[in-house]
Structures are given as structure tokens and as C-alpha cells.
Amino acid sequence: MFHDSRIVESKPQDNPVQQIPNVVPGALDIPTAAKLNDPAAQRHRPRILILYGSLRPQSFSRKLALEAQRLLEQLGAETRLFDPHELPMLDSVPATHPKVQELRQASLWSEGHVWISPERHGTLTAVFKNQIDWLPLEEGSVRPTQGRTLAVMQVCGGSQSFNVVNALRVLGRWMRMVTIPNQSSVAKAWQEFDDEGRMKPSAYYDRVVDVMEELVKFTLLMRGRSDYLVDRYSERKGAVEAAALAAAAGVVETILNQEESA
């Protein structure tokens, strides 16, 4: 049977919604460049939260976090470095615990995150995962991570691996974050820092600079626009349907009230 493999060009329709009858018209958004303008004209410095995943006194993930913090501030960002010490295990205390509230408020303040974890047993550490587990996907109408940018990095005790950064990307997607393309994995981290805890010049260091530079750029692009960018048809559809149900219930209630008073 002959198959026509020519490219079929789309043509403008007078009423395109009629071509997709399963879509709720009132919930469908037509993206435009104008909608991506920053209405608030943000003027403050990009706000970046840095999380790391080790409690060791000589934590290389903390050393890398401090190096990232210096770079970010040099690049014009405002930063907060969260200390995971004294953060209880998930669900062992109420969410009102001061350390939990400190973490959640820092995430609400932020416009972007840096996540750094050592590799342990082929994946990220429990110390790091516990921090993310304390951040809810949503709390009321507030979502502490959605729409924020994310840079992922890892430190390795031996040869270079990408297990952790790959796992962090999955985690970032689940937390509805916008993970930047670049990433960093520092092999044999014990030999990449000097006695003062500063990262030595190397190709690994250059990659960390690349990642921080890219994070600031993406954060500047996203902020003021993230609410629109992560706005979903399915959620708008739910809101339209809920409003229709509420309106219908109001009509029924009015009729019943009229019948009772008749």
C-alpha cells in the first residue's frame, strides 16, 4: 500500500478548539511572548538556597557548597546555605520544629537551589534526602519548590560517577523544579581541596564555575515567569469544573429556598 510521506503543513483554523473537542475551552491557554514578560520587573538579586548532604566534620560536599556560595555571590546572587545538623528525621517530630521551619522558609525565600550530595552506596545520602523529604510538594496553595531553578552536583570518594547527579535530577523533576542542563561531579574530592578548604584550580573547578554561572542565568530567566511557566491545563480544567459545580449547586440551593418560602 502506498504511503504518502510528505510533510503536512498545518493551516490556521477559524476556531481551533473545535478540532480538539475533548479540551475544555475555558481552561486552554494560548502561550504568547507577551505572557512571558516579567510584570514585576524584578530588581533584587537572584536568591539561591544551597543544600549539601553530609554531617562529617571534613565534609567535602560542604566544602563544595561553600565554594559554590562564593561563586554565586561573585556572580551577583544572594545565597543561604542550610546546615543539615539538628534536622530531625522525617516524621519524627512535627513540622513545626524550628529546624524544619528554617528549611521550609529558606525554600520559600529562594528562586533557585543548588543540591550537592556525596555518593554513598551508589546514590545520594540519607542526610540529603531527609532535607528534600521535609519540603512538601504543596502546603495549602503554596509550593515551596515548584518553578524554582536547580543545579545538581556531587562529590566522589573515588573515580568519577554520575549516579548522584542523575538521582538528583529525578528528584528535582518530582519536586517540579527546572533543572539546568549543566552539572558537576568531582572525582577523588579528597585531593581537590586545600588545607583551607578551598577548591584547587582544575577542570573540576572550571565545571563548577560553569554550573553556577548557568544557574544564575536560568534563575534570571525564570523568576517572575515561573508561575506562568508551570501553570497546567489539567489544573485549570479542574478549577473550571469546580466552578461549574459550585454554580450549579448555587442554582439548586436558590430553587430549594424559593420552594420552601412559597
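Which residue in β5 does Leu150 stand opposite? In this predicted model, the partner of Leu150 is Thr179. That pairing belongs to a parallel contact between β4 and strand β5, residues 178–179, which is made by two bridges. Strand β4 is a convenient place to start, since several other parts of the structure can be reached from there.

Strand β4 covers residues 149–155, and seven of its seven residues are buried, so the strand is largely enclosed by the rest of the structure. The burial applies to both faces. On one side are Thr149, Ala151, Met153 and Val155, and on the other are Leu150, Val152 and Gln154. Besides β5, strand β4 pairs with β3 and β6. Strand β3, residues 112–118, runs parallel to β4 and is joined to it by seven bridges; within this pairing, Pro118 stands opposite Val155. Strand β6, residues 184–186, also pairs with β4 in the parallel sense, over three bridges. Here Met153 of β4 stands opposite Ser184 of β6.

Met153 leads from the strands to the interior. In soluble globular proteins, nonpolar side chains tend to be buried together. The largest nonpolar core in this model has 25 residues, and those touching the most other members are Leu64, Leu72, Val114, Ile116, Met153 and Met212. Two or more residues of this core come from each of β1 (47–52), α1 (60–74), β3, β4 and α5 (203–222). The most comes from α1, which gives six residues. The contacts of Met153, not counting residues up to four places away in sequence, include Leu64, Ala68, Val114, Ile116, Val208, Val211 and Met212. Ser184, the residue opposite Met153 in β6, is also among the residues that Met153 touches. A second, separate core has 21 residues, including Leu49, Leu135, Val164 and Leu171.

The next topic is charge. Side chains of opposite charge can pair when their charged atoms come close. The model contains six salt bridges. In one of them, the side chains of Glu67 and Arg198 meet with an N to O distance of 3.1 Å. Glu67 is in helix α1 and Arg198 is in the loop between β6 and α5, so the pair links distant parts of the chain, 131 residues apart. The two ends differ in accessibility: Glu67 has a relative accessible area of 2% and is therefore buried, whereas Arg198, at 35%, is partly exposed.

Another salt bridge joins Glu111 and Arg223, whose closest N and O atoms are 3.5 Å apart. This pair also links distant parts of the chain, with the two positions 112 residues apart in sequence terms: Glu111 is in the loop between α2 (98–109) and β3, and Arg223 is in the loop between α5 and α6 (226–229). Both Glu111 and Arg223 are buried.

A further salt bridge is formed by Arg143 and Glu235, with the closest N and O atoms 3.1 Å apart. Arg143 lies in the loop between α3 (126–133) and β4, while Glu235 lies in helix α7 (residues 233–261), so the pair ties together parts that are 92 residues apart in sequence. Arg143 counts as partly exposed because its relative accessibility is 22%, and Glu235 counts as partly exposed because its relative accessibility is 32%. Shared partners also connect salt bridges: Glu67, Arg70 and Arg198 are joined into one network in this way.

The largest pocket holds about 430 Å³ of space. Of the 22 residues that line this pocket, Gln146, Gly147, Arg148, Ser226 and Asp227 are the closest to its centre. Helices α2 and α6 are the elements that give two or more residues to the lining.

One last position is Ala95, in the loop between β2 (78–81) and α2. Is Ala95 buried or partly exposed? Its relative accessible area is 29%, so Ala95 is partly exposed. Leaving aside neighbours within four places in sequence, Ala95 is in contact with Val100, Gln101, Arg104 and Trp134. Leu135, which is included in the second core, is 40 residues from Ala95 in sequence, and their C-alpha atoms are 9.8 Å apart.

Definitions and conventions. Residues numbered from 1 in each chain as written. Predicted model: local features only at pLDDT ≥ 70, side-chain atom pairs only at ≥ 80, totals over all residues. Heavy atoms only, no water. Buried < 20%, exposed > 50% of the residue type's maximum accessible area, 1.4 Å probe, protein only. Helix = DSSP H or I, 4+ residues; strand = E, 2+ residues; numbered from the N terminus. Pairing = 2+ DSSP bridges. Core = buried A, V, L, I, M, F, W, Y, C linked by side-chain atoms within 4.5 Å. Contact = heavy atoms within 4.5 Å. Salt bridge = Lys/Arg side-chain N within 4 Å of Asp/Glu carboxyl O. 1 Å grid on protein atoms, 1.4 Å probe; cavity = no way out; pocket = protein on both sides within 12 Å on 5 of 7 lines; lining within 4 Å. Points joined across faces, edges and corners; volume = space filled by probe spheres on them.
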